[in-house]
Amino acid sequence: MSSRRIRTVTVILAGLCAAGLLSPPAMADELYDLGEYLSGDCTACHQLQGESKGIPSITGWHVESFVTVMQAYRQGERNDTLMQMVAKRFSDEDFQALAVFFSKQ
Ligand code: HEC
């Protein structure tokens with residue numbers, strides 16, 4: 001399998017785990033860890049608990065909606081200059097990892 005296919009499979013599996021369709025194996029843990037690592041770039045603005053200074057809370061979201069919203073910022077479909085700049089630095093896999101991490105906070 002090419003690494004690209006492995007990545008695709010990882011994303012799909014992670015989605016299924018997050019949706020509760022698979023019991024959470026090591027795969028979900030790995031995404032969570034990556035998400036926790038990447039979240040340092042978000043928590044300067046987004047608090048892990050509640051909203052702050054007008055910046056919305058991003059915890060406890062559905063993984064799929066989270067990823068969709070991040071893609072919308074990256075593609076400029078959602079209009080916020082700050083978030084568009086942030087989103088452009090991340091891949092879909094990163095979004096997935098961030099989604100898993102923040103969904104569990
Ligand atoms: C410089 C400050 C800043 C940083 C850093 C930042 N955000 Fe944001 N984020 C915002 C602001 C401000 C909004 C509200 C924008 C809007 O109204 O669309 C927002 C909105 C969002 C939303 C949509 C919230 C909603 O209720 O619709 C998500 C999801 C989100 N950010 C995720 C992230 C993630 C993930 C990261 C880290 C990779 C991140 N943000 C980093 C400031 C930031």
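Donors here are N, O and S atoms within 2.8 Å of the metal (3.2 Å for Na, K and Ca), and water is not among the atoms, so sites may look incomplete. With that in hand, select the iron atom of the ligand: its protein donors are NE2 of His-46 and SD of Met-83, lying 2.0 to 2.1 Å from the metal.

A word on what you have open. This is a predicted model, in which local features need pLDDT of at least 70 and side-chain atom pairs count only at pLDDT 80 or more, while totals for chains, interfaces and linings use all residues. Residues are numbered from 1 along each chain as its sequence is written, and side-chain values use heavy atoms, with hydrogens and water left out.

**Stop 1: the iron**

Stay on the metal and show its six donor atoms. They subtend angles of 85 to 178° around the iron, which makes the arrangement octahedral. For six donors, that label asks for opposite donors over 155 degrees apart and all others between 65 and 115. Now colour by chain position: His-46 is in the loop between α2 (26-38) and α3 (63-74), Met-83 is in helix α4 (residues 81-87), and the pair, 37 residues apart, links distant parts of the chain. Helices, by the way, are DSSP runs (H or I, at least four residues), as are strands (E, at least two), numbered from the N terminus.

Are His-46 and Met-83 buried or exposed? His-46 counts as buried because its relative accessibility is 10%, and Met-83 counts as buried at 15%. The cut-offs are under 20% relative accessible area for buried, over 50% for exposed, and partly exposed in between (1.4 Å probe, protein chains only).

**Stop 2: the ligand's shell**

Next, select everything around the ligand (a residue is near if one of its heavy atoms lies within 4 Å). You should get 18 residues, the closest being Cys-42, Cys-45, His-46, Tyr-73 and Met-83.

Pick out a few atom pairs as you go. An oxygen atom of the ligand has a polar side-chain atom of Tyr-73 at 2.7 Å. A side-chain N or O atom of Arg-78 sits 2.8 Å from an oxygen atom of the ligand. Which elements give two or more residues to the shell around the ligand? Those are α3 and α4. Helix α3 supplies the largest share, four residues.

**Stop 3: the whole chain**

Zoom out and switch to cartoon. The chain has five helices and zero strands, so you can leave the strand colour unset. Of its 105 residues, 31% count as buried.

**Stop 4: α3 beside α5**

Select Ser-65, which is in helix α3. Ser-65 counts as partly exposed, at 34% relative accessibility. Draw a line from its C-alpha to that of Ala-99: the two are 34 residues apart along the chain, and the atoms are separated by 8.6 Å.

Then go to Gln-96 in helix α5. Gln-96 is buried, with a relative accessible area of 8%. Its partner for a second line is Val-63, 33 residues apart in sequence and 7.1 Å apart in space, C-alpha to C-alpha.

**Stop 5: two loops**

Select Thr-59, in the loop between α2 and α3. At 17% relative accessibility, Thr-59 counts as buried. Its side chain makes a polar contact with the side chain of Ser-57 at 3.2 Å. Such a contact is a pair of N or O atoms within 3.5 Å; within protein, one must be able to donate a hydrogen and the other to accept it, and residues adjacent in sequence count only if both atoms are side-chain atoms. Add Gln-105 too: Thr-59 and Gln-105 are 46 residues apart in sequence and 5.6 Å apart in space, C-alpha to C-alpha.

Finish on Ser-91, in the loop between α4 and α5 (92-103). Ser-91 is partly exposed, with a relative accessible area of 28%. The C-alpha atoms of Ser-91 and Gln-71 are separated by 9.1 Å, with the two positions 20 residues apart along the chain.

How values were computed:
Tetrahedral: all angles 85-135°; square planar, octahedral: opposite > 155°, others 65-115°.
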